[in-house]
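Me: Please take me closely through one part of this model, beginning with a single side chain and its polar contact. I should then like to see how the elements around that account are arranged.

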Amino acid sequence: MNNVHQRFMAYIVDLIHVLEILFTLTANHGGEELKRRAIKLAFKAYHDSEMRRNAHAQIKGLDYEIPGSDAVLDMIVSLVRMSPTDDVDLTTAIKNIPKEELELDEEWHTHVDDAMANLRDIIALRRSALQLTPPGHPKRFSFLVQLSNSLQEVFTKDGTLADLNEIIAFRRAASECTAPTPSDRCELLLNLADSLREKYQKLGSDSDLGEAIKYACAASVHCPSDKEASCRNCLISCMDLKAKELCLPAPTVQAIDSDVRPLGVKRMVQSIIAETTQTLPLRLLNTYTGVLCNRDAQISYFQDSAQYDELLKSSTCDSPECEISIRNRISKYFGYTTLSHRWGAGEPLLRDIEGVNIYNLDDGDGFAKLQSFCVFTLRHGYRWAWSDTCCIDKESSSELQEAIGSMFSWYRNSALTIVHLSDISDRTSFADSIWIKRGWTLQELLASSKVLFYTQDWSLYRDCTTANHKSDGAILTELHQATGIEELHLKNFIPGVDDARSKLRWASTRHTTRAEDVAYSLFGIFQVSLPIIYGESAPSALGRLLGEILTRSGDVSVLDWVGEASSFHSCFPTSLTPYGTRSWMQPIPSGPSKHNGADLDEGRKLYGALARLSSPRFVAGRLDLPCIVHRVIKVKLLETSSATSDHDYELVASGLAPLRLEPSSRLREGSGASLPYVIVRPWSPKLLDLFTHDDPGSLLDWLGRPFNALLLQSPRHIEYKRIASDCPISARVEGLVSVVNSECRILEIV
């Protein structure tokens with residue numbers, strides 16, 4: 001296959017030369033007819049191949065504006081990525097290569113090779129291009145598609161879930177744009193369905209497979225004839241997975257006896273009902289009746305409805321279209337809204353509304369807010385509503401544990417989140433609302449896909465009538481300014497431990513009524529499952545969360561903070577406040593290495609030593625931290641401030657330039673190996689992904705730059721404890737010799 005691919009690349013190079021020559025001719029002679037003839041001639045070589053449609057889609061605008069050679073090259077490189085490379089198509093294409101004698105220009109080879117090799121650079125450039133194309137821009141669709149296709153290549157090679165989630169997010173965003181042609185839209189939806197199917201195969205989430213089926217079905221609408229087979233195969237593969245999940249036989253084209261058909265439909269309907277309701281909150285308010293319902297009651301309402309009877313009368317159950325239709329109708333019936341708000345006085349609890357009609361209650365502002373929420377849910381066409389005040393039994397520890405662990409998914413799966421800003425009028429903004437400053441509302445904002453903001457009198461915020469305020473540019477800008485959260489995350493937030501420092505920064509200014517909720521409200525955002533232990537204290541809850549994040553992600557930026565250390569562990573802060581500043585890390589050097597061969601040999605040894613370090617691990621209150629260690633050999637007190645009680649010290653450590661720090665607590669003065677201090681640079685093996693073993697020059701340069709360090713103390717050099725966390729420590733390795741002789745170790749820290 002490699003040989004075939006090389007021949008294909010050679011063909012593309014020849015094709016580029018043809019285009020370049022023909023574009024030069026048309027530029028000199030002009031005329032739309034000549035341009036059309038030139039394009040027709042250039043692509044005649046593979047007119048009969050599967051690649052033809054993609055090629056014409058790439059150059060569909062060339063009748064009006066002939067691009068330069070660089071733009072043509074980008075089109076061809078995109079074509080290479082998009083085109084199938086099976087032997088039949090390649091053979092056909094190669095046989096039809098124009099016979100003209102064309103010299104191969106090595107520069108073109110270099111450009112193509114670089115484009116394929118530096119995929120990460122291409123992705124970075126395409127991210128930048130995307131930032132310049134706001135919603136509504138005519139190029140936004142193509143930029144989103146190109147970026148997602150490049151990320152798909154990365155995912156194919158590395159297989160990381162983070163890349164797959166980003167691919168899905170960008171393809172979802174592209175699906176909201178206007179595609180240039182029906183064929184382009186069909187291909188996008190097929191790719192999106194394939195990505196969701198891959199995610200289902202990795203995680204087993206029913207919602208992902210359900211979405212894959214939805215998009216595969218949508219791709220079939222106005223499907224071009226050359227895509228019919230792809231649409232059919234995509235839908236079949238999704239339905240095969242669904243059949244395995246339900247332990248049902250795969251659909252066949254065999255006719256089903258009319259006497260058996262109703263039983264088959266009923267079985268399918270009941271199975272889909274059970275699957276759908278398992279993802280719903282434990283209790284929902286029926287906005288038609290005003291009554292709170294558990295899952296059994298929700299199912300009972302549906303089985304008594306006309307919609308249920310219509311489903312049982314479905315004529316067939318032997319096709320994918322039948323199941324998709326049933327699934328969509330059931331999903332629509334059980335669609336629900338969620339309420340996001342700041343708790344006030346007199347909020348109704350579960351015991352206040354069980355067994356009664358909420359519309360008949362008149363017991364203060366809390367009940368009025370709940371009633372208004374349900375009425376607005378009705379107006380938006382949904383039967384079910386969920387509020388965190390009254391739909392959870394907070395007196396049951398097991399239910400509370402389940403609710404906190406599921407709340408992110410409940411908001412994510414809701415059809416609409418209604419945000420009530422009780423302290424905002426038409427003259428004030430998000431920044432003035434306490435809703436922005438509460439801990440739990442961060443999760444609700446990020447998890448919800450569709451949101452509408454209402455002011456204190458239940459008027460739409462800014463009178464914005466957009467169906468989803470997360471798609472309104474002005475509101476997104478306001479939200480970004482008020483929360484510090486980038487618009488991409490506001491629209492398409494992906495939960496998990498990646499980029500942990502940013503998520504901690506978003507939460508650093510927020511507060512909760514119960515101290516431990518500062519940490520518990522972030523469990524869904526980081527997708528961690530930990531015990532809920534009210535009464536354990538905020539530092540303990542936060543410490544358990546940070547330890548889990550550090551262990552799962554290996555992200556040592558979690559340790560980059562300045563402030564009061566926690567009683568839970570010396571490497572964690574007592575609150576989220578220190579994370580309000582961005583983590584600082586020197587940029588990776590670029591350009592050719594200036595080191596000689598001997599230095600690079602030593603650099604490879606250092607690379608190997610760092611690679612042998614394991615990832616950070618937090619277990620039973622102890623942190624095993626990989627790091628580069630510099631032993632302190634001299635501590636000298638320079639002066640003490642009577643006003644602040646801070647002490648100004650000069651420290652000398654092996655391999656480091658002398659540094660000064662001003663901790664609030666005293667250090668032991670002296671010199672020699674008896675001093676119990678080390679200065680460390682926390683390390684994660686993931687950092688090596690930024691460098692290469694064969695050319696470690698950039699690693700040596702980077703390690704020679706200043707870094708944020710930790711000061712550890714250990715009387716017995718067995719276990720360590722972080723000290724002086726209340727002052728920043730900026731350290732710098734003194735010379736290349738000290739860099740290559742770095743001491744790489746794993747220290748146990750308490």
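Reply: A polar contact is a pair of N or O atoms within 3.5 Å, of which, within protein, one must be able to donate a hydrogen and the other to accept it. The model is a predicted one. In it, the side chain of Thr483 meets this criterion, reaching the backbone nitrogen of Ile485 at 3.2 Å. Thr483 belongs to helix α21, which covers residues 473-483. Its relative accessibility is 13%, so Thr483 counts as buried, the cut-off being under 20%. When neighbours within four places in sequence are set aside, Thr483 is in contact with Ile436, Leu445 and Arg510.

Leu445 leads to helix α20, which spans residues 439-447. The axis of α20 comes within 7 Å of that of helix α19 (residues 397-413), and the two cross at roughly 40°. The crossing of α19 with α20 is right-handed. On the α19 side, the residues that meet α20 are Ile404, Met407, Phe408, Tyr411 and Arg412; on the α20 side, they are Trp440, Gln443, Glu444, Leu446 and Ala447. By class, this contact has seven nonpolar residues, two charged and one polar.

The sheet may be taken next. Its six strands form an open sheet in the order β2-β1-β4-β3-β5-β6, and the pairing is mixed. β2 (291-294) and β6 (451-454) stand at the edges with a single partner strand each, so one side of each has no neighbour in the sheet. From one strand to the next, the twist averages 30°.

Starting at the β2 edge, β1 and β2 pair in the antiparallel sense over four bridges, with Leu284 opposite Cys293 in β2. Four residues lie between the strands of this hairpin, in which Gly290 takes a positive phi near 75°. Within β1 (residues 283-286), Arg283 and Leu285 point one way, whereas Leu284 and Asn286 point the other way; all are buried. This fits a general pattern, because side chains in a regular strand alternate between the two faces of the sheet.

β1 also runs antiparallel to β4, to which two bridges join it. The bridge partner of Leu285 in β4 is Ala385. Ala385 also stands opposite Thr337, and β4 (residues 384-386) is joined to β3 (residues 336-341) by three bridges, these two strands running parallel. Ala385 of β4 thus links the account of β1, through Leu285, with that of β3, through Thr337.

Note on methods. Residues are numbered from 1 along each chain as its sequence is written. This is a predicted model: local features need pLDDT of at least 70, side-chain atom pairs count only at pLDDT 80 or more; totals for chains, interfaces and linings use all residues. Side-chain values use heavy atoms; hydrogens and water are left out. Axes are lines fitted to C-alpha atoms, for helices over the stretch in contact, and angles run from 0 to 180 degrees between N-to-C directions. A crossing is left-handed if the near helix is turned anticlockwise from the far one by less than a right angle, and right-handed if clockwise. Contact means heavy atoms within 4.5 Å. Ala, Val, Leu, Ile, Met, Phe, Trp, Tyr, Cys and Pro count as nonpolar, Asp, Glu, Lys and Arg as charged, and the others, Gly among them, as polar. Two strands pair if DSSP finds at least two bridges between them. Buried means under 20% relative accessible area, exposed over 50%, partly exposed in between (1.4 Å probe, protein chains only).
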